[in-house]
Amino acid sequence: MRKRFIGILCVTSGLMLSLAGCGGSEEVTPNPGPVIPDTVPGMTISGDAYDYRKTGQPERPYMLTYYDKMLMKAFMSEKKSGGGTTVKMNYEDVLNNIKVIDNLTRGIKKIIYLVGWQFDGHDSKYPAFNKFNEALKRDGDATAKDSYFWLKKEAEKYNTIISVHLNVNSVYEDSPLWITYLRNDLLVREADGSLRKDHQVCLTNEWNKGFLQKRVDEVTQLLDLPSSKTVHLDVFIPVESPFHQISVDDEQSTMRKLLRYWRDKGVDVTVETWHNGNQRPDPMYGLIPAAWWNDMTVAELCKISPKLACGGQIFPGWDYYQSETMPPSAQLKAFLFGSNMHGEDIISKNTDYDKFKRKFCTTTLPWTFLNRHKVLSYDEEAGVVQYSDSLVVDGKRQTMKLHGHLLRDHNNLFIPATWITDHREVIAYSGDGYDSLSWDLPDEWKDVTEVKAAVVGKHGLSEPTVLKVADGKVTLSLSPGEMVSLQPSETNK
């Protein structure tokens with residue numbers, strides 16, 4: 001039996017004499033790995049499922065709040081098919097974007113996960129992720145590591161946390177860990193012992209032998225992830241390994257251990273989606289705070305607080321404004337429950353900041369406001385969601401009202417910037433523009449008789465125009481795509 005298994009290992013891996021004696025007389029048994037359960041880190045961590053329904057709270061408080069932050073990615077580089085890397089942005093380019101984005105978003109807290117920061121770029125050399133992509137360093141820096149830590153520090157000045165995008169599942173044959181993972185039998189195998197065609201790590205074997213913990217320890221230290229408090233895992237799905245008799249449930253148990261292991265280090269794990277097309281039966285609410293794509297059901301959106309679990313852009317669909325890629329039902333769900341923009345499809349060396357501003361105002365801005373309220377009821381036939389504090393969102397009429405005051409009419413918005421705590425501010429935006437439209441100021445602005453209206457742009461706020469308030473209303477005229485910050489004038493502060 002052992003000779004049969006070893007032969008399969010040689011054929012599927014493409015290795016010659018260095019493994020299992022293929023083409024030679026000597027056989028080499030795969031190294032089972034340095035496994036003494038009592039000495040492997042994290043072996044006492046539970047893999048049990050967490051039932052969030054008992055308390056409605058996470059298992060442990062998250063390291064960050066996510067319901068009031070933008071989650072974005074900066075795509076820095078990708079591997080070339082013939083080897084090497086294609087640079088999309090270096091660390092300097094990312095900071096240049098962060099500065100402008102902070103102006104456009106009025107200082108909302110942001111998390112940016114760097115994609116392609118390692119080896120030759122996006123999806124290269126996995127399962128290893130312990131080396132920087134040196135092509136991304138700034139001019140004048142000795143190493144890409146220096147540039148990474150420079151960016152982390154500078155980004156803090158612009159309300160931005162820097163972390164990274166990783167993938168713990170995938171395996172590539174050109175990885176420096178390829179031989180190690182073959183020798184230690186850490187890859188998913190079909191029933192006949194052959195490797196799965198799209199190579200995947202068998203997370204359960206990797207955990208039990210201590211290799212998964214080693215990967216986490218190395219990258220956590222390399223990037224000082226506890227200072228970021230968050231990391232993003234792409235894919236993150238349980239893949240059964242029939243040859244090892246490891247099931248989807250076994251893999252899910254290991255994934256929960258991984259989440260708890262990283263949380264022990266002071267790091268939250270965000271993921272690509274909650275259900276991954278139903279490939280992950282347990283979405284792990286209460287262990288995972290946020291997902292890149294929000295594929296929650298309507299029932300879940302009604303019951304689960306964004307403070308427990310939040311997206312992310314409503315799934316499916318890449319661009320919120322293109323109905324051919326986002327079905328009407330998804331657009332309706334995004335309007336009713338909110339959708340946090342990605343930014344990855346916009347941020348580049350030549351970012352279209354007008355598009356960025358439009359997406360921020362029509363997705364993230366109302367999303368942050370909705371997240372401050374609890375869903376009380378959903379009338380599917382009428383397409384209406386009733387939130388706490390008399391907030392009503394009408395999907396068919398495309399309106400949002402608070403205490404009867406209009407906050408949104410299609411892509412005309414007049415919404416308080418809930419993340420700003422040192423002063424009162426409302427953000428107005430119009431997709432198509434309008435003349436002389438009156439808006440009700442928030443009830444908390446009853447003392448306000450004048451407001452300062454300043455256009456929001458790449459470089460911050462324009463010189464403000466003072467507008468009179470009449471009967472608690474302010475009248476605006478906006479150009480298409482114009483975003484305006486309204487604050488009480490000096491006399492009302």
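The following legends describe an overview and four close-up views of a predicted model.

**View 1. Overall make-up of the predicted chain.** Eleven helices and 22 strands make up the secondary structure of the chain. The chain has 493 residues, and 57% of them count as buried. Its exposed surface comes to about 21100 Å², with carbon and sulfur atoms supplying 49% of that area. When contacts between residues at least 6 apart in sequence are considered, 66% join residues at least 24 apart.

**View 2. Helix H3 (residues 144-156) and its cover.** Helix H3 has 13 residues, which should span 18 Å at 1.5 Å a residue; the end C-alpha atoms lie 19 Å apart, in agreement with that expectation. Its buried residues are Ala144, Ser147, Tyr148, Trp150, Leu151, Lys152, Glu154 and Ala155. An α-helix has 3.6 residues a turn, so residues three or four places apart point the same way. The cover over the buried residues of H3 includes three helices, H2 (91-104), H6 (211-223) and H7 (225-228), together with strands S4 (110-115) and S5 (160-166).

**View 3. Strand S6 (residues 230-233), covered on both faces.** In a regular strand the side chains alternate between the two faces of the sheet. On one side of S6 lie Thr230 and His232, on the other Val231 and Leu233, and all of these residues are buried.

**View 4. Pairing of strand S6 with S5 and S7.** Strands S5 and S6 run parallel and are joined by two bridges. Within this pairing, His165 stands opposite His232 in S6. Strand S7 (residues 268-273) also runs parallel to S6, and four bridges join the two. Here Thr230 of S6 stands opposite Asp268 in S7. Between S6 and S7 the chain passes through helix H8 (residues 248-264), forming a right-handed β-α-β crossover.

**View 5. Surroundings of His165 in strand S5.** His165 has a relative accessible area of 2% and is therefore buried, the cut-off being under 20%. Its side chain makes a polar contact with the side chain of Asp234, at 3.4 Å. Leaving aside residues up to four places away in sequence, His165 touches Lys73, Tyr113, Leu114, Val115, Trp117, His122, Tyr126, His232 and Asp234. One of these contacts, His232, is also the residue of S6 that stands opposite His165.

Technical notes: Residues numbered from 1 in each chain as written. Predicted model: local features only at pLDDT ≥ 70, side-chain atom pairs only at ≥ 80, totals over all residues. Heavy atoms only, no water. Expected span 1.5 Å × (residues − 1). Buried < 20%, exposed > 50% of the residue type's maximum accessible area, 1.4 Å probe, protein only. Contact = heavy atoms within 4.5 Å. Areas by Shrake-Rupley, 256 points an atom, 1.4 Å probe, with all protein chains shown as cover. Pairing = 2+ DSSP bridges. Right-handed = clockwise from strand over helix to strand, strands pointing away. Polar contact = N/O pair within 3.5 Å; in protein donor to acceptor, adjacent residues only side chain to side chain.
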